[in-house]
Amino acid sequence: MTAEAEKKILVLGLGNILLRDEGIGVRVVERLIEQYEFLDNITLMDGGVRGMILMDPIIQADHIIVIDAVLNDQPPGTVYRLEGDDVKLSMAFKNSVHDMDFLETLCCCELVSGKRPSAVIIGIEPKEYQTDPSLDISQELLDRIPEMIVKILQEIEAAGGSYTPKAA
Amino acid sequence: MAGCKPKSAPVTPVGDYSGRVVIDPINRIEGHLRIEVEVENGRVKNAWSSSQLFRGLEIILQGRDPRDAKHFTQRSCGVCTHTHALASTRCVENAVGVQAQIPETGLVLRNLLLGAQFLHDHIVHFYHLHALDWVDVVNALSASPKKAAEITNTAGLGHRKHTVAEFEATQARLKKFVAGGQLGIFTNAYFLEPHAAYKLPPEINLIATHHYLLALKVQLLPSRMMAIIGGKNPHTQSLYEGGITCYDALKPENIAQFKALFLETMDFVNQFYIPDVLAVAPYYLDWGGIGHTTHFHTCGEFATDESDLNSRFLPQGVILNNDLSKVADFDLKKVEEHVAHSWYKDDSPKHPWKGVTDPLYTSLDEMETGKTGRYSWMKAPRYDGLSTEVGPLAQCLVSYARGHKQTTALVNLVLKHLGVGAGALFSTLGRTAARCIETKVIGDEMVEWIAKLEANVAAGKTDIVAPFKMPESAFGVGFVNAPRGALSHWIEIAGGKIKNFQLVVPSTWNLGPRCDKGILSPVEEALIGTPVFDPKRPVEILRTIHSYDPCIACGVHVIDPKTNETYKFKVC
């Protein structure tokens, strides 16, 4: 096993599935789990709105691929790839007092463990997230899920991971 | 014993401010709480505790199957998770008459599950919810890591030995974190500028901060313990009227895992939590005279017979007028909820079996203009017309007064260490010490319960639930002494469904408003006389509020992400 293959990768879908498009990150991870097999060094997780509770899986990872709704004033369905300082800018989106700031969680991980995994975000501009609670994701976002999956799989490969499609 | 006790007892400074101070929202609690005080010449003269949130759980439950109550009520809160499920389960068990039939192994599992909740709650509370009121994290940056290691390694408080390197590492990470500008959990902290009410020397600040960070990882352990018996955490799933249904928890490998997690948690309690309380308390000894309350009650906890409160490991009882020489038995008939100062229709106090939940919001204006009309979504529970505190201090006092061996030994140890008498227990300092004492008392007894579980499984005693029949109509009540205090659920069943359901929650006992006689609630009473040095950073008020470990129960507020919320006084 090479050092690269040992690298622990966490694919983390964030969001609140009750708030329509805000839950897109969770739904994309669900699709990935449905459609692909991953090697043991890759963990796929529904991180929901769990905030600081995610500290443990984050500290255990070397590299995190976060999937989430990102507000960036672009048309709904625009797909983004953010890393480095851009991660800081995107993570301030809170839509309830229970939304734990994911960036704060990352900072706390470093404070607690001295370790801060590298992170990249595959994000998408939401359309509906401030309406009444519902599980329905807007069509504009549903249409872009395959594209997001392609990007996420590329990130996984770039980080040294591998996957195989599941039988249909 | 270098550096572990102050040469002379520090005194909390009194400022000279006169006027109103509003803290809204109170942070480092669960839920939505607003505290308003009238300060005169630097001391609190009057206080109002306002819960800002209405849930409506009691209304939601009407007409439902009584067995569903536990699933709804548990969603009151994910912090004091499980406790409401247990209260609802006991409540319905009482109504259907199955309490005395619950198999012993089922009871042992339930006690272990609740015990794990205490371990989780109290560790998280001391470090992550309360400590920053006493510990100056920024001041820790000036500490000598070498001196800090000397304190942990030689002061005789019971700390595990630390290395200089680990204190250096934490201090370096802290420096980087604070310098990074992303203050995260320390945003708006009162100690970002020096604050005269913070009294710890830099080394103790560093030790406590180092342990605060460790505790973030340790708290996962009891949380996982609960998942082994509860199925998952938060919001356990395995309780059922008549016992519990977690058959997997009887498997040797799961008991072994529970035990391993438990032992590691208790190592932390013994070698970090208790020594830290003993290290910090001497610098805040005058807090043994601040945060005073008068009456206390507990319904006890950890039953061997659910039909008998007196079978509980921690005893039930009522203490009035700070008199430890008299303990009365808890009488459920003496519980009443008042709404005269709460946002509900109907003014008359009611026993929970006749309780009504009919909300009617007026405004906060009556409080703001100096008259105290209605000002809280909480009702005001009263015991025999009196405002009684519940929680670790209440349990500790009742246990102490009843001669509970394990509690008495620890209380006396702490009083001796601090050089104070039992009177100092009726205070914010007492409340904080009681929480720590309770953690150890319960944790130590859990060793016996694990042994019992192993013995029962080996002997084939693996029944964990008894059957029952749902009656057409019945009344029932379930009592839990939760980590925050006395919790009770009251049910009236009619036509086999919930006709009425009332929750009387510990934070309502402690943090509710005045009753119809205008008697202050425990927290309101406790705040009177509190010194306030800096009205813009009223940490002294927070010290007492947080000593109650408020759990007001969460709800959803939608915040527009594009606007900045500002409050009168930001709380860290």
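Me: Is B:Phe186 buried or exposed?

Reply: Buried means under 20% relative accessible area, exposed over 50%, partly exposed in between (1.4 Å probe, protein chains only). B:Phe186 has 2% relative accessibility, so B:Phe186 counts as buried. This is a predicted model: local features need pLDDT of at least 70, side-chain atom pairs count only at pLDDT 80 or more, and totals for chains, interfaces and linings use all residues. Residues are numbered from 1 along each chain as written, chains are lettered from A and ligands numbered from 1 in written order, and side-chain values use heavy atoms, without hydrogens and water.

Me: How many aromatic pairs are there over all chains?

Reply: Rings of Phe, Tyr and Trp (its six-membered ring) pair if their centres lie within 6.5 Å; planes under 30 degrees apart are stacked, over 60 edge-to-face, the rest tilted. The count is 28 over all chains. One of them is edge-to-face: A:Tyr36 with A:Tyr163, at 5.6 Å centre to centre and 85° between the planes.

Me: Which parts does that pair tie together?

Reply: Strands are DSSP E runs of at least two residues, helices H or I runs of at least four, numbered from the N terminus. A:Tyr36 lies in strand S2 and A:Tyr163 in strand S7, so the pair ties together parts 127 residues apart in sequence. A:Tyr36 is buried at 17%; A:Tyr163 is partly exposed at 24%.

Me: What does B:Phe186 pair with?

Reply: B:Tyr212, in a tilted pair: 6.2 Å centre to centre, 50° between the planes. B:Phe186 sits in the loop between helix H6 and helix H7 of chain B, B:Tyr212 in helix H7, 26 residues apart. B:Tyr212 is buried too, at 7%.
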